Amino acid sequence: ASAVKNDRSRFVTEFGFQAPACLETWREYVGKDALSPKSAVVQHHNKQVKGTKRLYHFLAEQFNVPEDFDEFVHKSQITQAESLKTCIEHWRCRKFLTSGALFWQLNDCWPVTSWSVIDCELRPKAAYWYARRFFAPLIVVCRENEETFEFYAVNDTMEEHSLTLEISSFDFHGNSDELHRTH
């Protein structure tokens, strides 16, 4: 995320982040005994150099690294979705300084771990659903800095909108403490 915060690109194309195909797709194409992130069959279905190693690296930054294949697929898809979201929201907050971003890629032609957001069986990965939100015409973005949070409203409509931002904090027991409200 820190590298993204400093990016000043004017227009971004062909960037992305890998995630495995959906579980149902893996189960249709790969034998049950090969459904493991470290199996030769699953690794063969990832054409990025050190692809599985890279997935584990980024997973470890967000989650406890799973050994279970179902959990591996789920957490890898969330990591892909959050990575794309971080980039797109950053560039959208730079509206007119960064004038566009196109991520790679929409779909796949075979069951694979790849940069797609829709697998070869037309099953959407988590990033597909995230993209519907981070590309919405009107979004509010929260960006964490060293000791504070910054909030941005991005409006890509041709209409003026009035928003109310309500911020609350919660402790580990679910108790809320309203911090600030602004219009």
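# Reading a predicted chain, feature by feature

Visitor: Where is the place of Ile118?

Guide: Ile118 sits in the loop between β2 and α6. This is a predicted model, so keep that in mind throughout.

Visitor: How do I judge a residue in a loop? Is Ile118 buried or exposed?

Guide: Look at the relative accessible area. Under 20% means buried. Ile118 has 12%, so Ile118 is buried.

Visitor: Which residues is Ile118 in contact with, leaving aside its neighbours within four places in sequence?

Guide: Ile118 is in contact with Leu106, Asn107 and Asp108. Arg123, Pro124, Lys125 and Tyr128 complete the list, with neighbours within four places in sequence left aside.

Visitor: How far apart are the C-alpha atoms of Ile118 and Glu14?

Guide: Their C-alpha atoms are separated by 16 Å. Along the chain, Ile118 and Glu14 are 104 residues apart.

Visitor: Let me step back. How many helices and strands does the chain have?

Guide: The chain has 6 helices and 6 strands. Next, read their order from the N terminus: α-β-α-α-α-α-β-α-β-β-β-β.

Visitor: What does the C-alpha trace span along its principal axes?

Guide: The span is about 55 × 40 × 25 Å. The chain has 183 residues, and 38% of them count as buried.

Visitor: What about the exposed area of the chain?

Guide: The chain exposes about 11,800 Å². Carbon and sulfur atoms supply 52% of that area.

Visitor: And how do I read contacts along the sequence?

Guide: Start with contacts between residues at least 6 apart in sequence. Of these, 58% join residues at least 24 apart.

Visitor: How far apart are the mean positions of the positive and negative charges?

Guide: They are 6 Å apart. The chain carries 21 positive and 26 negative charges.

Visitor: Now the rings. How many aromatic pairs are there?

Guide: Two rings pair if their centres lie within 6.5 Å. By this rule there are 8 aromatic pairs. Take Trp26 and Phe69: their centres are 5.9 Å apart, and 85 degrees lie between the planes. That pair is edge-to-face.

Visitor: Why does the pair of Trp26 and Phe69 tie together parts that are apart in sequence?

Guide: Trp26 lies in helix α2, residues 23-29, and Phe69 lies in helix α5, residues 69-93, so the pair ties together parts that are 43 residues apart in sequence.

Visitor: Are these two rings buried or exposed?

Guide: Trp26 has 0% relative accessibility and counts as buried. Phe69 has 5% and also counts as buried.

Visitor: What about the rings of Tyr128 and Trp129?

Guide: Planes over 60 degrees apart count as edge-to-face. The planes of Tyr128 and Trp129 stand at 90 degrees, with centres 4.8 Å apart, so this pair is edge-to-face. Tyr128 is partly exposed at 26%. Trp129 is partly exposed at 47%.

Visitor: Which residues do ring pairs link into a cluster?

Guide: The cluster holds Trp26, Tyr56, Phe69 and Phe72.

Visitor: Next, the backbone. Which residues does a cis peptide bond join?

Guide: It joins Trp104 and Gln105. Here omega is about 20 degrees.

Visitor: Where does Gln105 lie, and is it buried or exposed?

Guide: Gln105 lies in the loop between β2 (101-103) and α6 (126-134). With 14% relative accessibility, Gln105 counts as buried.

Visitor: What does the side chain of Gln105 reach?

Guide: It reaches the backbone oxygen of Asn107 at 2.8 Å. A polar contact of 2.8 Å also joins the side chains of Gln105 and Trp104. Look beyond four places in sequence, too: Gln105 touches Ser114, Trp115, Ser116 and Val117.

Visitor: Last feature: phi. What is the phi of Lys50?

Guide: Lys50 has a positive phi of about 55 degrees, although Lys50 is not a glycine. Find Lys50 in the loop between α3 (40-44) and α4 (51-62). At 57% relative accessibility, Lys50 counts as exposed.

Visitor: And what is the phi of Phe96?

Guide: Phe96 is not a glycine either, and its phi is positive at about 80 degrees. Phe96 belongs to the loop between α5 and β2. Its relative accessibility is 67%, so Phe96 counts as exposed.

Methods
Residues numbered from 1 in each chain as written. Predicted model: local features only at pLDDT ≥ 70, side-chain atom pairs only at ≥ 80, totals over all residues. Heavy atoms only, no water. Phe/Tyr/Trp six-rings, centres within 6.5 Å; stacked < 30°, edge-to-face > 60°. Helix = DSSP H or I, 4+ residues; strand = E, 2+ residues; numbered from the N terminus. Buried < 20%, exposed > 50% of the residue type's maximum accessible area, 1.4 Å probe, protein only. Contact = heavy atoms within 4.5 Å. Areas by Shrake-Rupley, 256 points an atom, 1.4 Å probe, with all protein chains shown as cover. Lys, Arg positive; Asp, Glu negative; His and termini not counted. Charge placed at Lys NZ, Arg CZ, Asp CG, Glu CD. Polar contact = N/O pair within 3.5 Å; in protein donor to acceptor, adjacent residues only side chain to side chain.
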